[in-house]
Amino acid sequence: MAIVHATDQTFPQEISNGTVLVDFWATWCGPCKMIAPVLEELDTEIGNDVKIVKVDVDNNQGTAADYQIMSIPSLLLFVDGELKAKTAGFMPKEALIDFINDNK
């Protein structure tokens with residue numbers, strides 16, 4: 001499954017079903033640029049089981065405010081629309097897989 005770029009308007013629909021990892025990011029954020037290829041790799045490996053959604057905090061401030069995003073990248077894990085876990089900062093792929101498996 002391809003990584004989805006959500007907006008304030010589409011976000012509720014994107015997280016409503018299944019396990020969804022959301023990346024709150026911005027184009028100017030260095031650690032966000034570092035985690036982007038990790039998320040691409042993750043999508044290739046587990047994209048059938050976990051949907052990955054990216055939210056640009058500069059263009060979607062309402063959603064970022066709703067989830068009290070204070071630093072980026074922030075990664076939130078949702079299961080069927082319910083927030084299960086939240087973490088911030090760069091994570092290597094193995095740590096991200098553990099984060100997902102420990103919280104879904």
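Trainee: Leaving aside its neighbours within four places in sequence, with which residues is Lys51 in contact?

Mentor: The model is a predicted one. In it, Lys51 belongs to strand β3, which covers residues 50-56. Once neighbours within four places in sequence are set aside, the contacts of Lys51 are Met1, Val4, Glu14, Thr19, Val20 and Leu21.

Trainee: Does Lys51 count as buried or exposed?

Mentor: A residue is called buried when its relative accessible area is under 20%. The relative accessible area of Lys51 is 17%, so Lys51 counts as buried.

Trainee: In what order do the elements of the protein run from the N terminus on?

Mentor: The secondary structure consists of four helices and five strands. One of the strands is β3, with residues 50-56, and one of the helices is α4, with residues 93-103. Read from the N terminus on, the order is β-α-β-α-β-α-β-β-α.

Trainee: Which residues does Ile100 touch, not counting residues up to four places away in sequence?

Mentor: Ile100 is part of helix α4. With a relative accessibility of 1%, Ile100 is counted as buried. Not counting residues up to four places away in sequence, Ile100 touches Thr19, Leu21, Leu42, Ile46, Val50 and Leu77.

Trainee: What distance separates the C-alpha atoms of Ile100 and Ile3?

Mentor: Along the chain, Ile100 and Ile3 are 97 residues apart. In space, the separation of their C-alpha atoms is 16 Å.

Trainee: Where is the place of Ile69?

Mentor: Two elements frame the position of this residue: helix α3, residues 61-66, and strand β4, residues 74-79. Ile69 has a relative accessible area of 14% and is buried. Its place is in the loop between α3 and β4.

Trainee: Which residues does Ile69 touch, not counting residues up to four places away in sequence?

Mentor: Contact requires heavy atoms within 4.5 Å. With residues up to four places away in sequence not counted, Ile69 touches Phe24, Val57, Ala64, Ser74, Leu76 and Lys86.

Trainee: Which residues form a disulfide?

Mentor: A disulfide is a covalent bond that joins the sulfur atoms of two cysteines. Here the count comes to one disulfide. Its sulfur atoms lie 2.4 Å apart, and the residues that form it are Cys29 and Cys32.

Trainee: Are Cys29 and Cys32 buried or exposed?

Mentor: The limit for a buried residue is under 20% relative accessible area. Cys29 has 4% and is buried. Cys32 has 3% relative accessibility, so Cys32 likewise counts as buried.

Trainee: What is the handedness of the disulfide of Cys29 and Cys32?

Mentor: The torsion about the S-S bond is the value to consider, and for Cys29 and Cys32 it is about 80 degrees. The disulfide is therefore right-handed.

Trainee: What radius of gyration does the protein have?

Mentor: The C-alpha trace spans about 30 × 30 × 20 Å along its principal axes. For 104 residues, a compact globule would have a radius of gyration near 13 Å. The value for the protein agrees with this: 12 Å.

Trainee: How many residues count as buried, as a percentage of the 104?

Mentor: The protein exposes about 5400 Å², and carbon and sulfur atoms supply 50% of that area. Ile100, at 1% relative accessibility, is one buried residue. Of the 104 residues, the buried share is 47%.

Trainee: How far apart do the centres of the positive and negative side chains lie?

Mentor: The protein has 7 positive and 16 negative side chains. The centres of the two sets are separated by 1 Å.

Conventions
Residues are numbered from 1 along each chain as its sequence is written. This is a predicted model: local features need pLDDT of at least 70, side-chain atom pairs count only at pLDDT 80 or more; totals for chains, interfaces and linings use all residues. Side-chain values use heavy atoms; hydrogens and water are left out. The radius of gyration is taken over C-alpha atoms; the globule rule is 2.2 Å times the number of residues to the power 0.38. Buried means under 20% relative accessible area, exposed over 50%, partly exposed in between (1.4 Å probe, protein chains only). Accessible areas come from the Shrake-Rupley method with a 1.4 Å probe; for residues, only the protein chains shown count as cover. Lys and Arg count as positive and Asp and Glu as negative; His and the chain ends are not counted. The place of a charge is taken as NZ of Lys, CZ of Arg, CG of Asp or CD of Glu. A disulfide is a pair of cysteine sulfur atoms within 2.5 Å.
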